[in-house]
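Student: I'm new to this one. Could you show me how to read a helix and a sheet in it?

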Amino acid sequence: MDFHPTEEQAAAAGLAARILSDLATHERLAEAGTGSDAELWKALTTAGLTAAVEEIGLLGLVLLLEEQGRTTAQVPYAATCVYGILPVAAHGSPEQRARLLPALGTGEAVATGAFPARGRITAEDGRLTGTAPAVPWLRDATHVLVPDTDHALWLVRTDAPGVRTSPVETTAPWSAGRLTLTAAEGERLGSDGVYEDTLAAARTAFAGLQAGVCAGSLARAVEYTSTREQFGRPLSTNQGVMLRAADAYMDTEAIRVTTYEAAWRIDQGLPAREHALTAAWWASEAGKRVVHAGQHLHGGMGADLDHPVHRHFLWGRQLDAYLGCGSELLAELGASIAEGEQA
């Protein structure tokens, strides 16, 4: 395993960090409310950071998503990349790649996915029927990647006949929506096994986003406890505060290293289903602990809904729910390991 970023990956992550730190400020995020930041999205796509994912791979995307998570920037970056650019580049036909990738790269098209599959959407002769209750970034999307009950993947345009979307408010401002399909026309993407590959990549990418959310939460807690004084000395000098912060740091690093391993294996074409599940489990369970710690270490300030750390808390809990609860992921991981031993 080699987790050292390539020159291209490091350059892309550095550029993303500069753009996000300049534009994804607390004031702008507060002004955006529950919507996406169109100016920031345009800045990222104009800089080529969306199109670059095709070249820098999933590990490069994870590095960029960490930067997004640090600032909780409200743009459909993760969704467009893991449910649009990466699956189309890997599994699309030459015609699909030529038609879809340029628009996704420039931000003209925005993708999201009705993942994971819950057996709610059926397909018959290329027509899809069913409902996905909450799809992240659906209100921004022009295309939705939809798995049917047989785990075949279909690309559906949100403006197509038979497609209806309605807003859904979640605890994090992801511009989510409810997707209802009634004999809607879908475009098949890839063949057998594509769903499992896409799900593993998505879990890994959103785990990388969670690593950034946790790192941002912890950074804010460190800054606050280092400057806030109690009884004439900084809060950070108290042993209990140091231990809580140290535990949060180790949890954040566990999310990061398992995510890097899963992303590296996927980029190398190695089996990675169990590694993606491991990364998702750490992101769900440890991520929840870290954002709770970040809010707790802010004391009464952490209860202020307008404080920046509260946004990290909401994102961390939303990603925990989206990735799946720990017991659900462990059950799937155990079943996968058992299948491998029987093979």
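Here is a short chat about one helix and one sheet.

Tutor: First, this is a predicted model, where local features need pLDDT of at least 70, side-chain atom pairs count only at pLDDT 80 or more, and totals for chains, interfaces and linings use all residues. Residues are numbered from 1 along each chain as its sequence is written, and side-chain values use heavy atoms, with hydrogens and water left out.

Student: Which residues of H1 are buried?

Tutor: An α-helix has 3.6 residues a turn, so residues three or four places apart point the same way. Here, Gln9, Ala12, Ala13, Ala16, Ile19, Leu20 and Leu23 are buried (under 20% relative accessible area, 1.4 Å probe, protein chains only). Down the axis of H1, these buried residues fall within an arc of 135° (taken from the directions from the axis to the C-beta atoms), so they line one face of the helix. On the other side of H1, Glu7, Arg18 and Asp22 are exposed (over 50%).

Student: What covers the buried residues of H1?

Tutor: The cover includes helices H2 (26–32), H3 (38–46) and H4 (53–71), with contact meaning heavy atoms within 4.5 Å. Helices (H or I, at least four residues) and strands (E, at least two) are DSSP runs, numbered from the N terminus.

Student: And what is the order of the strands in the open sheet?

Tutor: Strands of a sheet pair through backbone hydrogen bonds, either parallel or antiparallel. This open sheet of four strands runs E1-E4-E5-E8 with mixed pairing (at least two DSSP bridges between two strands). E1 (111–113) and E8 (187–189) stand at the edges with a single partner strand each, so one side of each lacks a neighbour in the sheet. E1 and E4 pair in the parallel sense over three bridges, and Thr112 stands opposite Val144 in E4.
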